[in-house]
Every structure is written in C-alpha cells, then in structure tokens.
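Q: Hey, I'm new to this one. Can you walk me through it?

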Amino acid sequence: MVSAVIKNWDKDNWLSSKSYILKLNIFLTNIIKLDSSSKILDIGCGRAKIVGSLSSKLNLRNKPIGIDLVNHKDKDKRIDFKKTDAISFFLTNKKKFDLILIKQTIHLLKMSEIKRLLIDMKKSLKPKGKILIFTLDPDANEIPNFKLMRLELSKSFKRDKKILKFITKFYPKRIIKYFSYKVKISKKKYIDMILRKFISTLLNFDKKQITKGIKEINLKYKKNLKFNDKLVCIIIKNN
C-alpha cells in the first residue's frame with residue numbers, strides 16, 4: 001500500500017517533545033470534544049506519543065488504536081498497536097471511532113488508495129465523529145533545507161495541493177485549520193535528523209547526496225535553527 005516507510009520522523013526531535021505533543025493535543029481537543037469514553041484511531045502512528053499522551057489526558061477507558069508498518073520497540077505502551085496498513089485494517093475493522101487521526105502520512109499513498117481510505121474512514125466514524133488529516137503546509141513551509149531537498153520538497157508540495165483539492169472535491173464540506181509550532185533545534189541535531197532521513201523527501205537520496213546536502217546546511221545556517229513547523233489540518237465530519 002505505502003511506497004515508502006519513514007522510520008525516524010518522530011525519533012528524538014521536536015515532533016516527540018512534550019511541548020509539541022501538548023500543543024497538538026490542545027489543538028485536537030479544541031476541534032473535537034473527547035472524554036474518557038472516546039475511541040481513537042491513529043493511522044501511521046509512528047511511536048504513538050501523541051495519542052498515548054491524549055489517552056492519559058482524557059483517562060481513556062479504551063486504549064487508542066495505533067496502526068503503522070513499523071513496530072518500534074520504543075512505541076508508547078498506552079496504545080493498542082497493530083502492525084498493518086490502513087486499507088488492510090479497515091477490511092476487518094468493525095469498530096466505530098470518535099476521532100480518526102492521520103498525520104503527515106497521506107502523501108505516501110496513491111490517489112486510488114487515498115480515495116478508498118477516505119471512504120473507509122468515514123464509514124468507521126461514530127455519528128459525531130471526525131477525521132483529522134494533517135499535512136505540511138505547502139504554501140508556508142519553513143523547514144530548513146539544502147538545494148536538492150528543496151527541489152524534492154517542491155515536487156512533494158505540488159502533489160500535496162492535488163491531494164487537498166481531491167479531498168475537497170470528495171468532501172466539499174471539509175473544514176481547514178492551521179497548526180504551527182515554533183521549533184528551536186541545534187544545527188547538529190538537525191543534521192542528525194537528515195542523516196536518519198526523517199522526512200520522505202530524503203528517502204531516495206544516496207549517501208553522496210546526503211553528505212553534499214549536509215555541507216550546504218553547515219554553510220547556510222547558524223549554530224541554532226529557529227523556524228515554524230506549519231501544518232494544514234483537514235477536518236471531515238460525519239454529519
């Protein structure tokens with residue numbers, strides 16, 4: 001189903017920090033009312049720190065379900081993890097959810113897979129449930145980059161815009177909101193993230209291309225990096 005697997009997007013960086021997770025969870029709970037009886041599904045959960053934290057905050061009676069193609073040894077223990085892809089999951093799923101979260105993974109799917117996933121997710125919502133799809137903001141991106149990375153990001157953002165238009169055509173009543181987090185990270189730490197290919201645009205780069213890119217990063221940026229991590233949130237209601 002997924003053409004690429006990102007193993008390190010949420011490993012030891014701002015995306016796994018307590019402040020990021022807290023701000024995102026506040027964002028989520030401002031969009032949808034959740035309580036201890038709520039049922040949550042996280043598609044492409046990674047280490048599942050976001051819904052794990054949300055589970056504790058809400059004192060959920062039912063563990064959130066997190067699905068991913070990678071079973072990380074350090075995944076959050078507060079979730080019910082399933083090593084699978086979304087389409088396979090929905091083939092046998094009979095549960096209904098208050099919240100279905102898919103964060104920064106939908107761009108890895110083919111358009112035909114996205115269409116099927118949109119249908120499957122909507123069918124698995126409770127009457128007042130919501131689907132929240134997060135993707136990088138293609139019009140206001142500030143991610144530090146090097147030349148080749150910037151070119152690949154540009155291609156990726158063009159596709160992201162197509163996906164946004166496709167979702168809007170499929171669900172015209174969708175709502176758009178924006179999330180932003182102020183990132184402060186050392187250049188050394190960010191270079192380590194690049195080496196671990198934390199973002200999908202880096203997956204197909206070879207060692208030589210990564211090494212050249214790191215040299216550009218060293219020349220282009222100061223010792224400490226400051227930027228805004230900006231996301232688009234697409235909200236799909238069940239009614």
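Below is a chat about cysteines, helix packing and a few single residues.

A: Sure, and first some ground rules: this is a predicted model, where local features need pLDDT of at least 70, side-chain atom pairs count only at pLDDT 80 or more, and totals for chains, interfaces and linings use all residues. Residues are numbered from 1 along each chain as its sequence is written, and side-chain values use heavy atoms, with hydrogens and water left out.

Q: Cool. How many disulfides does the structure hold?
A: Zero. A disulfide here is a pair of cysteine sulfur atoms within 2.5 Å.

Q: What about Cys45, then, how far away is the nearest cysteine sulfur?
A: That sulfur belongs to Cys233 and sits 18 Å away, and Cys45 is in no disulfide. Seen from Cys233, the closest cysteine sulfur is the one in Cys45, and 18 Å is too far for a bond.

Q: And is Cys45 buried or exposed?
A: Buried, since its relative accessibility is 3%. Cys233 is buried as well, at 0%. Buried means under 20% relative accessible area, exposed means over 50%, and partly exposed is in between (1.4 Å probe, protein chains only).

Q: Let's switch to helices. What describes two packed helices?
A: The angle between their axes and the distance between the axes. The axes are lines fitted to C-alpha atoms, for helices over the stretch in contact, and the angles run from 0 to 180 degrees between N-to-C directions. Helices (H or I, at least four residues) and strands (E, at least two) are DSSP runs, numbered from the N terminus.

Q: OK, at what angle do helix 1 and helix 2 pack?
A: About 65°, and their axes are 10 Å apart. Helix 1 and helix 2 are therefore roughly perpendicular to each other. For the wording, angles under 35 degrees count as roughly parallel, over 145 as roughly antiparallel, 65 to 115 as roughly perpendicular, and the rest as oblique.

Q: Is the crossing of helix 1 and helix 2 left-handed or right-handed?
A: Right-handed. That applies if the near helix is turned clockwise from the far one by less than a right angle; anticlockwise would be left-handed.

Q: Which residues of helix 1 meet helix 2?
A: Among them are Leu24, Asn25 and Leu28, while the helix 2 side includes Ile50, Ser53 and Leu54. Asn25, part of helix 1 (residues 18-31), is buried, with a relative accessible area of 1%. Leaving out residues up to four places away in sequence, Asn25 touches Ile50, Ser53, Leu54 and Lys57. Contact means heavy atoms within 4.5 Å.

Q: What about helix 6 and helix 7, at what angle do they pack?
A: About 160°, with the axes of helix 6 (residues 187-195) and helix 7 (residues 207-220) 11 Å apart. That makes helix 6 roughly antiparallel to helix 7. Lys187, Ile191, Ile194 and Leu195 of helix 6 meet Ile210, Ile214, Ile217 and Asn218 of helix 7.

Q: And helix 4 with helix 5, at what angle do they cross?
A: Roughly 40°, with the axes coming within 11 Å. So helix 4 is oblique to helix 5, and their crossing is right-handed. Leu118 and Ile119 are among the helix 4 residues involved, and Phe166 and Phe170 are among those from helix 5.

Q: Changing topic: where is Tyr171?
A: In the loop between helix 5 (147-170) and strand 6 (175-186). Tyr171 counts as buried, at 14% relative accessibility.

Q: What is Tyr171 in contact with?
A: Leu118, Ile119, Lys122 and Ile236, leaving aside neighbours within four places in sequence. The Tyr171 side chain also reaches the backbone oxygen of Leu118 at 3.2 Å. That fits the polar contact cut-off, a pair of N or O atoms within 3.5 Å; within protein, one must be able to donate a hydrogen and the other to accept it, and residues adjacent in sequence count only if both atoms are side-chain atoms.

Q: One more thing: which value does phi of Ala48 have?
A: Near 60°, a positive value in a residue other than glycine. Ala48 lies in the loop between strand 1 (40-43) and helix 2, and is buried at 1% relative accessibility. Asn59 also has a positive phi, near 55°, but Asn59 is exposed, with a relative accessible area of 60%.
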